[in-house]
Amino acid sequence: MAFDGITIANITAELREALSGGRIYKIAQPESDELLLTIKNNGSSYRLLLSADASLPLVYLTQANKQSPMTAPGFCMLLRKHLQNARILTVTQPGLERIIHLELEHLNELGDLCRKKLIVEVMGKHSNIIFCDETDKIIDSIKHISGMVSSIREVLPGREYFIPQTQDKYNPLRFCEQYTDNLLSLTYEDFREHMRAKPMASYKALYSSYTGLSPIMAQELCYRAGIDADLPANVLEDDMLHKLHDILTKIMHQVVTGDFAPSIIYDDREPIEFSSLPLTLYADKIRKPFDSISSVLEQYYAERSIVTRIRQKSVDLRKIVQTALERNVKKYDLQRKQMLDTEKKDKYKIYGELIHTYGYHIAPGSKSMDALNYYTNETITIPLDPTLTPQENAQKYFDRYGKLKRTYEALSELTVQVKEEIEHLESILASLDIAMQEEDLVQIKEELIESGYIRRKGGSKKAKVTSRPFHYLSSDGFHMYVGKNNFQNDELTFKFATGNDWWFHAKKKAGSHVIVKTEGKELPDRTFEEAARLAAYYSKGRDQAKVEIDYIQKKHVKKPAGAKPGFVVYYTNYSMAIDSDISSIEQLTN
């Protein structure tokens with residue numbers, strides 16, 4: 001979700017509670033468009049990150065520090081001159097704009113008490129950090145915007161600061177009785193008029209009519225009201241508009257009263273949205289609640305960065321595996337078709353035998369012969385080449401039989417090899433899907449090198465392995481381990497696990513080996529189910545409602561000689577069908 005006015009309201013409330021009355025202790029500018037303020041308040045120290053990055057503007061409290069340049073930029077030096085040891089009086093948000101005002105009090109060179117404003121505008125590519133005096137005259141800004149860049153507003157020293165009204169939008173907080181901004185409150189009649197004036201999808205009409213609403217929050221409003229978000233707003237019936245108005249008013253009441261519930265929404269293991277209010281339209285996704293919107297923002301963007309970086313790092317490996325997989329699938333399909341052709345071989349053998357048996361009855365130049373098939377007691381018609389003798393026709397069919405027999409024998413072995421190669425490549429793709437860190441890719445690349453899909457660079461040594469299996473703790477206190485790739489699967493199963501430990505794997509699907517350490521104890525049913533869920537989640541079947549899981553004691557799992565990494569065999573096992581929801585299983589970091 002982009003930074004909308006509701007998220008800014010949540011951040012403002014959090015900053016107000018933590019920083020009001022505090023003093024600015026340090027001011028740093030780690031990046032050209034970023035500030036890091038250290039603030040001391042009530043015996044605690046806070047770091048406030050303010051970023052006006054065009055692609056990723058951010059405002060949140062953090063514990064992390066950043067390296068500052070050797071020479072501080074001019075904007076940073078100016079702020080140090082005016083705001084070093086300044087006291088934060090208020091933290092406010094005008095309306096539901098994506099703007100935060102920090103009102104500051106400090107002593108000037110003469111010792112007089114002065115007030116200043118540090119204004120943070122979180123508006124995508126128009127984001128900025130602006131330093132103003134108490135009359136709203138701009139002293140300086142982290143980005144200078146001249147009239148040649150923007151015809152709407154100049155952001156330059158000496159200019160008057162104002163919020164540009166680029167769109168005809170209303171403040172939705174005015175629907176809430178508790179909110180006052182010296183303007184008349186909005187009513188249902190106003191809402192109906194605003195919506196009916198917009199011949200566009202309902203959710204678009206919402207965020208284009210009211211400040212601070214993002215597209216996803218507008219869709220959430222429609223979802224809660226039971227309205228198709230794509231239904232044109234100007235055709236909504238009164239009862240639909242009433243529901244939508246009531247939901248919007250309720251949401252605004254939560255914003256005014258500070259009733260926030262910050263969380264991150266996950267699809268599988270990937271963070272896809274964050275929000276300051278519950279997003280019920282993602283009821284089928286995993287929602288992780290947080291106590292702080294700052295924690296949400298820091299974790300969300302850190303995890304998104306990891307996902308993006310891993311995808312970029314793995315794209316070459318994935319392309320190699322995908323290309324090899326497509327090639328082997330085509331080869332396997334061709335071999336299967338050839339195998340079907342070889343099913344005719346026995347027919348040709350019978351033709352040859354029957355011609356040998358009854359050939360003395362064939363008249364010269366005959367194109368076919370009828371003969372009793374003594375294998376089935378049925379009369380069949382055998383095609384003949386009229387230019388050949390009966391013996392030559394028989395030999396022709398025997399030659400065809402021999403060729404197809406040799407082809408069948410060769411293909412019987414080749415199709416098994418190609419099928420195993422396909423399964424191996426699919427398992428590598430599954431490993432790429434669950435890779436979370438760059439070190440996880442190291443072993444996958446090494447496996448591709450050892451399998452001959454990547455050539456090892458001359459003189460380079462085998463990469464050092466630092467990746468470790470996933471580690472979980474069952475509700476009953478049993479340690480469960482999940483291999484991230486085929487090398488780890490082999491190590492877990494045949495080096496780490498002991499004979500009476502339990503082994504789990506998705507049936508006939510690429511996926512991870514799961515080992516449960518029993519420590520000589522009997523596993524409870526709940527631990528069996530949790531281990532099975534892990535095996536389902538870390539497999540290609542994770543998107544299915546139920547996944548069939550095989551499980552067996554490790555001592556019954558064998559690895560055939562010469563088998564590919566991760567490949568095992570077992571003959572007596574238990575099975576269960578289970579979902580892949582692992583949200584309630586505790587993951588350990590070591």
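## Charges, cysteines and salt bridges

Asp440 is a buried residue, with a relative accessibility of just 1%. That makes a handy way into this predicted model, since Asp440 also takes part in a salt bridge with Lys484. In total there are 24 salt bridges here, and the disulfide count is 0.

**Asp440 and Lys484**
- The closest N and O atoms of Asp440 and Lys484 sit 3.2 Å apart.
- This pair ties together distant parts of the chain, 44 residues apart: Asp440 belongs to helix α10 (residues 438-450), while Lys484 lies in the loop between β16 (479-482) and α11 (486-496).
- Lys484 is buried too, at 10% relative accessible area.
- Elsewhere, Arg192, Arg196 and Asp238 are joined into one network by salt bridges that share partners.

**Other long-range salt bridges**
- Arg304 pairs up with Glu270, and their closest N and O atoms are 2.9 Å apart.
- Here the link runs between helix α7, home of Arg304, and strand β11 (residues 270-275), home of Glu270; the two residues are 34 apart in the chain.
- Arg304 is partly exposed, with 27% relative accessibility.
- Glu421 and Lys564 form another salt bridge, at 2.7 Å from N to O.
- Those two are 143 residues apart, with Glu421 in helix α9 (residues 390-434) and Lys564 in the loop between β19 (547-553) and β20 (574-578).
- Buried or partly exposed? Glu421 is buried at 11% relative accessible area, whereas Lys564 is partly exposed at 28%.

**Cysteines**
- With 0 disulfides in the structure, Cys132 is unpaired, and the nearest cysteine sulfur, on Cys114, is 15 Å away.
- Cys222 is in no disulfide either; for this residue the nearest cysteine sulfur belongs to Cys176, 20 Å off.
- Cys132 is buried, at 0% relative accessible area.
- Cys222 counts as buried as well, at 0% relative accessibility.

**Surface lysines**
- Which residues gather in a patch of positive charge on the surface? They are Lys344, Lys347, Lys396 and Arg400.
- Of these, Lys344 sits in the loop between α7 (293-341) and α8 (345-358).
- Lys344 is partly exposed at 40% relative accessibility, so it clears the patch cut-off of over 30%.
- Lys288 is found in strand β12 (residues 286-289) and is partly exposed, at 37% relative accessibility.
- Between Lys288 and Leu96 there are 25 Å in space, C-alpha to C-alpha, and the two are 192 residues apart in sequence.

Definitions and conventions. Residues are numbered from 1 along each chain as its sequence is written. This is a predicted model: local features need pLDDT of at least 70, side-chain atom pairs count only at pLDDT 80 or more; totals for chains, interfaces and linings use all residues. Side-chain values use heavy atoms; hydrogens and water are left out. Patches are made of residues with over 30% relative accessible area and no salt bridge: like charges are joined within 9 Å, nonpolar side chains (Val, Leu, Ile, Met, Phe, Trp, Tyr) within 5 Å. Accessible areas come from the Shrake-Rupley method with a 1.4 Å probe; for residues, only the protein chains shown count as cover. A salt bridge is a side-chain nitrogen of Lys or Arg within 4 Å of a carboxyl oxygen of Asp or Glu. Lys and Arg count as positive and Asp and Glu as negative; His and the chain ends are not counted. The place of a charge is taken as NZ of Lys, CZ of Arg, CG of Asp or CD of Glu. Helices (H or I, at least four residues) and strands (E, at least two) are DSSP runs, numbered from the N terminus. Buried means under 20% relative accessible area, exposed over 50%, partly exposed in between (1.4 Å probe, protein chains only). A disulfide is a pair of cysteine sulfur atoms within 2.5 Å.
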